[in-house]
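Biologist: Before we discuss the rings and helices, could you show me the model and then justify the words you use for it?

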Amino acid sequence: MGLLLLLAAAPAAFVAFRPVTVIPRLSLTPGYSLVDQNGARLTSDDLKGSMTLYGFSYGSCGEDCTDLLGTMTAVEENLSGGELEGVPVRLVTVSFDPGRDTPADLAELATRTGADPAVWSFATASDTAAARALVGTGFGVWYERLPDGTYRHDPVLVLVDGLGVRRVEYRAGAPDPERVLAQMRELAVEARAEGAMRFAYEAAHFLSCYSN
Amino acid sequence: MAAALVLLAIAGGFLLGRARTGGAGALRGSLIDPPLPAGDFVLASADGPVALGDLRGRVVVLFFGYTFCPDVCPFTLQRLRAARQLLGPAAEEVQVVFVSVDPGRDTPERATSYARGFDPEFVGVTGTDAEIAAVASSFGIFYARAEADPGTPGDGADDYYLVDHSATVLVLDREGSIRLLWSGEVTAEEMASDLSWLVAE
């Protein structure tokens, strides 16, 4: 009888004591083919195997992009050899102004931001329709071009795991970099989990996420 | 007491996790757990419209390619055919859908006859540029016309071009949710093993 009680209580204890932290799997990242600041092609497949933080901006973006780029910069500064806790990390800023953002403009934005080109790509779609499909529909980022050529846009960052699954969406303004890093570290631990811990993660996803 | 509960919970989690990821053998594909809902789509085949939602009840394998593809696509479709053969009677529970990412050249007739050339049970579909762009994106698949050096196939000299595209194969469960992602290197035996797990669910 006692054993039955223990068995029944085990799932509750698992969720309560959380030997692993579950970051939900939200959806697949949209597939894309872009051109980066060097004029080279960057596709969604190129990011597989790396944890990726996506941001959305444009070459002539001023103050309203500073905070978001600042969070991404702070995250980048915590990487060591392009990795966090032994897992490769990349950053991608997608322009929603391909009509004006040439690779040279993106390169200039990258330089202004102080980005390390080895880990942080600035890329653009082939035309405004492709940008709308990717950023607007695919990533769900609302943006609107104003008469003076600037944009109003949702402040969004998206954290994607090595499989290309979206794990966290930050939609309420630039998140605290420490929060983003903490979640990235959780994903890194999950990515490195093997054997018994791998099964523990899958069980945790089952127990924590299936109620949705 | 709490320590005992935690230990039991971890052990339970271990067993639960093992049960969920294959039991007898680990899954070769990358498991998406909990399953991600896959949006519906309606694309065109030689026999009329094909709605992904109508295929529920069977395990669906989605592969994105094009009929002029020199290697990746034939190779993948051949392995899918071999995998279905390895499944025996369980193959009836698996529907392979080939989606063309080259609507400029692949008509519904072309896509269908291409897919059927590998296995008469395969479905081949295509759509408008906008439809294919939306469907591919929603499944995390990229595709782009390849740049080619002058003098090589695809340089545009005779309207022949190559399309670079994700080789990832998606496997949906009977409820129409995305469960597995296979890389381009998965063998027919591994596909059959993963598929039999999903069929048995």
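Modeller: A:Tyr32, A:Tyr54, A:Phe56 and A:Phe139 form one aromatic cluster, where rings of Phe, Tyr and Trp (its six-membered ring) pair if their centres lie within 6.5 Å. This is a predicted model, in which local features need pLDDT of at least 70 and side-chain atom pairs count only at pLDDT 80 or more, while totals for chains, interfaces and linings use all residues. Residues are numbered from 1 along each chain as its sequence is written, and side-chain values use heavy atoms, with hydrogens and water left out.

Biologist: How many aromatic pairs does that rule give over all chains, and what makes the pair of A:Phe96 and A:Tyr143 stacked?

Modeller: The count comes to 15 aromatic pairs over all chains. For A:Phe96 and A:Tyr143 the centres are 4.6 Å apart and the planes differ by 20 degrees; planes under 30 degrees apart count as stacked, over 60 as edge-to-face and the rest as tilted, so this pair is stacked.

Biologist: Why is the pair of A:Phe96 and A:Tyr151 called edge-to-face?

Modeller: Their ring centres are 5.1 Å apart and their planes stand at 65 degrees, so the pair is edge-to-face. A:Phe96 is in the loop between β6 and α3 of chain A, and A:Tyr151 is in strand β9 (residues 151–153) of chain A, 55 residues apart.

Biologist: How do you know whether A:Phe96 is buried or exposed?

Modeller: Buried means under 20% relative accessible area, exposed over 50% and partly exposed in between (1.4 Å probe, protein chains only). A:Phe96 has a relative accessible area of 2%, so A:Phe96 is buried, and A:Tyr151, at 6%, is buried too.

Definitions and conventions: Chains lettered and ligands numbered in written order. Helix = DSSP H or I, 4+ residues; strand = E, 2+ residues; numbered from the N terminus.
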